[in-house]
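Here is a brisk report on one protein chain. Please keep the sequence and the structure in view while reading.

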Amino acid sequence: MSIGRDDIGQRSETVRRANLSAIVRELHAHGPLSRSELVARTGLTRSAIRGLIGELADAGLVTESPAARLGMPGRPSPLVRLDPGGAVVIALEIEVDAIAAAIVGLGGHVFELERVDRPRGHSSLDDTVADLADLAALVRSRRPPSDRLVGVGAAVAGIVRRADGFVSMAPNLGWRDVPLGGRLAGALAVSVPVSVANEADLGALAELRRGAGVGETHVLFISGEVGVGGGLIVDGRPLTGAAGYAGEIGHMTVNPDGAPCRCGSVGCWETEVGGGALLALAGRPRESGRAGIDAVVSEAAAGSETALAALDQVGRWLGLGLASLVNVLDPRLIVLGGLFGRIHPYVIGPLTSALDRRALPASRALVHVVPAALGVDAALLGAAELAFEALLADPARWVASRETPAELATA
Ligand SMILES: [Zn+2]
């Protein structure tokens, strides 16, 4: 078999694109790096790095500051950093009782962020899409028109098909078979891709890149508000399942004699550990939402026995469900997000006892349980990461779009 000139040209173009992607990913994940550090991290030669950085700088994606010594011996190496305004995304989040929108720049810089509470019952698809479009327009209006928008990402408390953002079910929003991705693209009137994913999956992605899970490869992220979701990172990759529905840990049956769940089943984990369960145990209306949960936490801090007993029971049910997940997945880290991050100090005791008692000792010994580091914004920041994925995978497309045909011909 002979290899023609065109094949060689095509192959070197493939290598160039992969190398540009490797550099942009490193800078996006780790912040500014010297050329020497980029050489060490990517395995590329010094001269290859120089050429590729030049291309990225011409495209407005990176800047280089004068040589810095950084405490290392030898020749000082210029510091390369992404220009956060060189590419921005719109991140959106749909919760049961709130929506949020942010403008996030390359490297994860949050330029603008707005979160607004919404009354319960104001969560029809039409209302939600209209409210999100208004909120997105508000945050965009605070940025210069020169911002280069490269994508939109949305997190939703529902079961989402990744390919087209179709929400097959969002029980706590009351949605079923809703084409959210398409509706958002229409309402935002943007020409860039709109990606939608489950909020817990995106919370896990954000915690892995920028929060409690940095450097970890086997992570179980559980997130609770009204519902309970899970984001599973296995071998450094999100476990999505065949269509993107995986991780619905809130709907594991844990109590066959338990309460009916919004999903149609009975005794799901979220009926024992979700926000509604905690509020009911603490003697508060199930509909009191985030404010009600904050009140339960305040009461517990003040020593209320009712509040402490409610949190204790939720902690035991949390440990029971986590024990099964630890046995199945063998994670190194469990990150408690959303509601669970806020109640972590009160549930970690009973949770740990239940985990010790029920998980297999070998798997149990290796796992740590920590609160989320990004707090309430984890899923929104994960939506931004989702929106950047196309650029990170192939920055050459953005580089090329800024070059003239003459420059392309001599490349
Ligand atoms: Zn359920």
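## A hairpin and its turn

G107 takes a positive phi near 90° in the hairpin of strand 5 and strand 6, which has 3 residues between the strands. The model is a predicted one.

The two strands of the hairpin are strand 5 (residues 98-105) and strand 6 (residues 109-117). They run antiparallel. The join between them consists of 8 bridges. Where does I103 point across the pair? I103 stands opposite E112, a residue of strand 6.

## A three-stranded open sheet

Strands 8, 9 and 10 form an open sheet, in the order 8-9-10. The pairing is antiparallel. Strand 8 (159-161) and strand 10 (175-178) are the edge strands, and each pairs on one side only. From one strand to the next, the twist averages 15°.

Strand 9 covers residues 166-170. Its antiparallel pairing with strand 8 runs over 3 bridges. Within strand 9, F166 is the bridge partner of R161.

## Domains

The protein is divided into three parts: domain 1 (5-82), domain 2 (86-199 + 382-393) and domain 3 (212-373). Domain 2 is thus listed with two segments.

How far apart are the C-alpha centres of domain 1 and domain 2? They lie 31 Å apart. The two domains do touch: 9 residues of domain 1 are in contact with 7 residues of domain 2. On the domain 1 side, helix 1 (residues 5-30) gives the most, with 5 residues. By class, that side of domain 1 has 4 nonpolar, 4 polar and 1 charged residues.

## L381 and its surroundings

L381 is found in helix 14, which spans residues 378-393. Is L381 buried or exposed? L381 is buried, because 28 other C-beta atoms lie within 10 Å, and the cut-off for a buried residue is 20 or more.

Which residues does L381 touch, not counting those up to four places away in sequence? The contacts are A91, A206, R210 and L374. A200 makes a further reference point for L381. The two residues are 181 residues apart in sequence. In space, L381 and A200 are 12 Å apart, C-alpha to C-alpha.

Key. Residues are numbered from 1 along each chain as its sequence is written. This is a predicted model: local features need pLDDT of at least 70, side-chain atom pairs count only at pLDDT 80 or more; totals for chains, interfaces and linings use all residues. Helices (H or I, at least four residues) and strands (E, at least two) are DSSP runs, numbered from the N terminus. A residue is buried if 20 or more other C-beta atoms lie within 10 Å of its own, exposed if 12 or fewer, and partly exposed in between; C-beta atoms are placed from the backbone. Two strands pair if DSSP finds at least two bridges between them. Domain bounds come from an automatic or database domain assignment. Ala, Val, Leu, Ile, Met, Phe, Trp, Tyr, Cys and Pro count as nonpolar, Asp, Glu, Lys and Arg as charged, and the others, Gly among them, as polar. Axes are lines fitted to C-alpha atoms, for helices over the stretch in contact, and angles run from 0 to 180 degrees between N-to-C directions.
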